Amino acid sequence: MLLIGICGASGSGKTTLAQELMSRIRVQALMIHQDAYYRNHPDMAFEERVKLNYDHPDAFDNDLIYEDLKRLSDGLPVTEKNYDYVRHLRCDTGREIGPAGVLIFEGIHTFYDPRVRELLDLKLFVKVDPDICLLRRVERDILERGRHIDDIAAQYNATVKPMYERFIRGYEEYADVIVTRGGRAQRIADVLACYINQGITTAMQTGEERI
């Protein structure tokens, strides 16, 4: 199995790039969102959950992320994780997913955990101007997550921008490939998919378990 990590700021186009790659890959592919692994806080009131810093690496269950990715890389299934952005609670489905020929793991802190970085066969960093990321985030949060512009602006200033400067910007140094212009860069998607498909073909011919 080929394990691909896609990292970048919120709104940079990570999910779009993952979808573009999946549409071009010749074998079964599975995408896992880091956001699905937010730590759960059902004991907190909604008003308290809203105030949590969801942009810090500790907001995620990093041990569970590593365990699931390790199982999938070993050819074993895991239970699907999910998250309710409106209520700020985990809503795991309980159904089994994977493994697959290619696994894409995407998120703002994909490269944070050195254990996860060690598992990744290909690390992609999506680099986009922060102003564009903000505009995309505003549109997404309003249309898909039912949030108000005042709340989005407050969260951006309080956690999104500071965590980008503190952590996410620095993940670029771990990347094998820097992707500019966001996930809609058709040419880079074609080039990356060609590389991935060639690697899959070679692995199948040589009998290797990993590409």
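This passage walks through a predicted model, starting with its core and strands and moving on to its helices, cysteines and backbone oddities.

A good place to begin is the nonpolar core. The largest one holds 55 residues, and I4, I6, L21 and V102 have the most contacts inside it. Strand β1, which covers residues 2-8, gives the most to this core, with five residues. That fits with how β1 sits in the model: seven of its seven residues are buried. Both of its faces are covered, with L2, I4, I6 and G8 buried on one side and L3, G5 and C7 buried on the other. I6 gives a feel for the surroundings. Leaving out neighbours within four places in sequence, I6 is in contact with K14, L17, A18 and L21, with I104, F105, E106 and G107, and with T110, L124 and V126.

Strand β1 has company in the form of other strands. It runs parallel to strand β7 (residues 102-107), and six bridges join the two. Within that pairing, C7 stands opposite G107 of β7. Strand β1 also pairs with strand β8 (residues 122-127), again in the parallel sense, this time over five bridges. Here I4 has L122 of β8 as its bridge partner. Strand β7, in turn, is joined to strand β2 by five bridges, and these two run parallel as well. One residue of β2, H33, stands opposite E106 in β7. Strand β2 spans residues 29-33 and is largely enclosed by the rest of the structure, because four of its five residues are buried.

Next come the helices, with α6 (residues 149-166) up first. How far apart should the ends of α6 be? At 1.5 Å a residue, its 18 residues should span 26 Å, and the end C-alpha atoms are 24 Å apart, which agrees. The helix is not straight all the way, though: α6 bends by about 50° at Y156. Y156 is also one of the buried residues of α6, along with I152, Q155, T159, V160, M163 and Y164. Part of what covers these buried residues is helix α5, residues 130-145.

Helix α5 is where R137 is found. Is R137 buried or exposed? Its relative accessible area is 5%, so R137 counts as buried, the cut-off being under 20%. Beyond its neighbours within four places in sequence, R137 is in contact with S10 and D55, and also with Q155 and V160. Those last two are among the buried residues of α6.

Two other charged residues make for a handy comparison. E20 belongs to helix α1 (residues 14-22). With a relative accessible area of 19%, E20 is buried, because the limit is under 20%. R71 belongs to helix α3 (residues 62-73), and at 37% relative accessibility R71 is partly exposed. Leaving aside residues up to four places away in sequence, R71 touches L76, P77 and V78. The C-alpha atoms of R71 and E20 are separated by 25 Å, with their positions 51 residues apart along the chain. E20 and Q205 are 185 residues apart along the chain, yet their C-alpha atoms are separated by 26 Å.

Now for the cysteines. A disulfide is a covalent bond between the sulfur atoms of two cysteines. How many disulfides does the model have? The count comes to zero. C7 is in no disulfide, and the nearest cysteine sulfur, that of C133, is 12 Å away. C7 has a relative accessible area of 0%, so it is buried. C91, with a relative accessible area of 30%, is partly exposed.

Finally, the backbone has a couple of quirks. Most residues other than glycine have a negative phi, and most peptide bonds are trans. Against that background, G98 and P99 are joined by a cis peptide bond, with omega at about -5°. P99 lies in the loop between β6 (96-97) and β7. The other quirk is H88, which is not a glycine but has a positive phi of about 60°. H88 is in the loop between β4 (83-84) and β5 (89-90). Despite its place in a loop, H88 is buried, with a relative accessible area of 10%.

Note on methods. Residues are numbered from 1 along each chain as its sequence is written. This is a predicted model: local features need pLDDT of at least 70, side-chain atom pairs count only at pLDDT 80 or more; totals for chains, interfaces and linings use all residues. Side-chain values use heavy atoms; hydrogens and water are left out. A nonpolar core is a set of buried Ala, Val, Leu, Ile, Met, Phe, Trp, Tyr and Cys residues joined through side-chain atoms within 4.5 Å. Buried means under 20% relative accessible area, exposed over 50%, partly exposed in between (1.4 Å probe, protein chains only). Contact means heavy atoms within 4.5 Å. Two strands pair if DSSP finds at least two bridges between them. A disulfide is a pair of cysteine sulfur atoms within 2.5 Å. The expected span of a helix is 1.5 Å times one less than its number of residues. The bend at a residue is the angle between axes fitted to the seven residues ending there and the seven starting there.
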